[in-house]
Amino acid sequence: MTKPTPALTEGVYYILLSLIQPMHGYGIMQNVETISKGRVKLAAGTLYGAINTMLEKNWIKALPERWDSRKKEYQITAVGKKALTIELTRLKELLDNGSSLLGGINND
Amino acid sequence: MSSKGYELKSVGFCRYKFKKCECNEYIHRIEFYNNFIKVSKRVKYISFIEETGVKYIGTVNHNLYFSKKSNQGDFEIYSDNTSKIKYLNQMLIFMITFSIINLIAGSFNLFIASTLTSYINPMNFMVGIINVILGLIIIKGAYIIYRKKQLLEHQKQLFE
């Protein structure tokens, strides 16, 4: 048995998903809002904290700054992708159990 | 002030400069920031916030002042309970440290005022009383923050 990893927060999950492509802070905020159809709005302070924690955990890396932009870009690492895959499996389990159990109740 | 049609332009010690603008054109936010943290860290933080389309107005007494045009959408510094709790904790540590310093300094002054000389030293007595009152006011503020934090922690048991 592998050690169960704690659930990711909604914000962290969406930030990691966004960073499959290189993106800067404001880009992440906009992208998360777009893919969640306006439901998840990350505030700048929360995003800043999450980015720093993920950099420490080596889930994401800061890309070297480009000459034409002073905004720092970030991208997911292999470790981060693994965390995302584990989370996806966990979410799938939740979804499967939910739809089979709740679905059954609704059909009664 | 924004609802009355004023935009905060700059801040200084006991001084706030406003400029006339459309009603509710700007959303202002104040964030407590522990100044004892390295300056380079604060500069990094501010420039990150600025990159998200927020204007940094200035810092006074551990408070960072920000504004953003309201037509660019909501403006909050923190959006989830975990970071809100972390923020309140930072505030609490700061406030409790300050109130303890004040209470110790206050008791020390009152002690000196009443024991060292045969008469009550008015200078030490005054300073001591001011310290104690300040300490108690900060504790009262800290309690309000603590209750706020408890509420968030309670919510966190059910929601993220």
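**Sheet, interface and domains of chain B**

B:Arg29 has B:Phe66, a residue of strand 5 of chain B, as its bridge partner. In this predicted model, the pairing of strand 3 of chain B with strand 5 (residues 63-69) of chain B runs in the antiparallel sense and extends over seven bridges. Strands of a sheet pair through backbone hydrogen bonds, in either a parallel or an antiparallel arrangement. The two strands of chain B belong to an open sheet of three strands, for which the order is 3-5-4 and the pairing antiparallel. Its edges are formed by strand 3 (26-32) and strand 4 (55-60) of chain B, each of which pairs on one side only. Averaged over the sheet and with direction ignored, neighbouring strands are turned by 20° against each other.

With regard to the association of the chains, 17 residues of chain B are in contact with 16 residues of chain A. On the side of chain B that touches chain A, at least two residues are supplied by each of helix 1 (39-51) and helix 2 (81-115) of chain B, and helix 1 of chain B provides the largest share, which amounts to four residues. When the residues on this side of chain B are sorted by class, six are nonpolar, five are polar and six are charged.

At the level of domains, chain B is divided into domain 1, covering residues 2-72, and domain 2, covering residues 81-156. A distance of 27 Å separates the C-alpha centres of domain 1 of chain B and domain 2 of chain B.

Notes
Residues are numbered from 1 along each chain as its sequence is written. Chains are lettered from A and ligands numbered from 1 in the order in which they are written. This is a predicted model: local features need pLDDT of at least 70, side-chain atom pairs count only at pLDDT 80 or more; totals for chains, interfaces and linings use all residues. Two strands pair if DSSP finds at least two bridges between them. Axes are lines fitted to C-alpha atoms, for helices over the stretch in contact, and angles run from 0 to 180 degrees between N-to-C directions. Two residues are in contact if their C-beta atoms, placed from the backbone, lie within 7 Å. Ala, Val, Leu, Ile, Met, Phe, Trp, Tyr, Cys and Pro count as nonpolar, Asp, Glu, Lys and Arg as charged, and the others, Gly among them, as polar. Domain bounds come from an automatic or database domain assignment.
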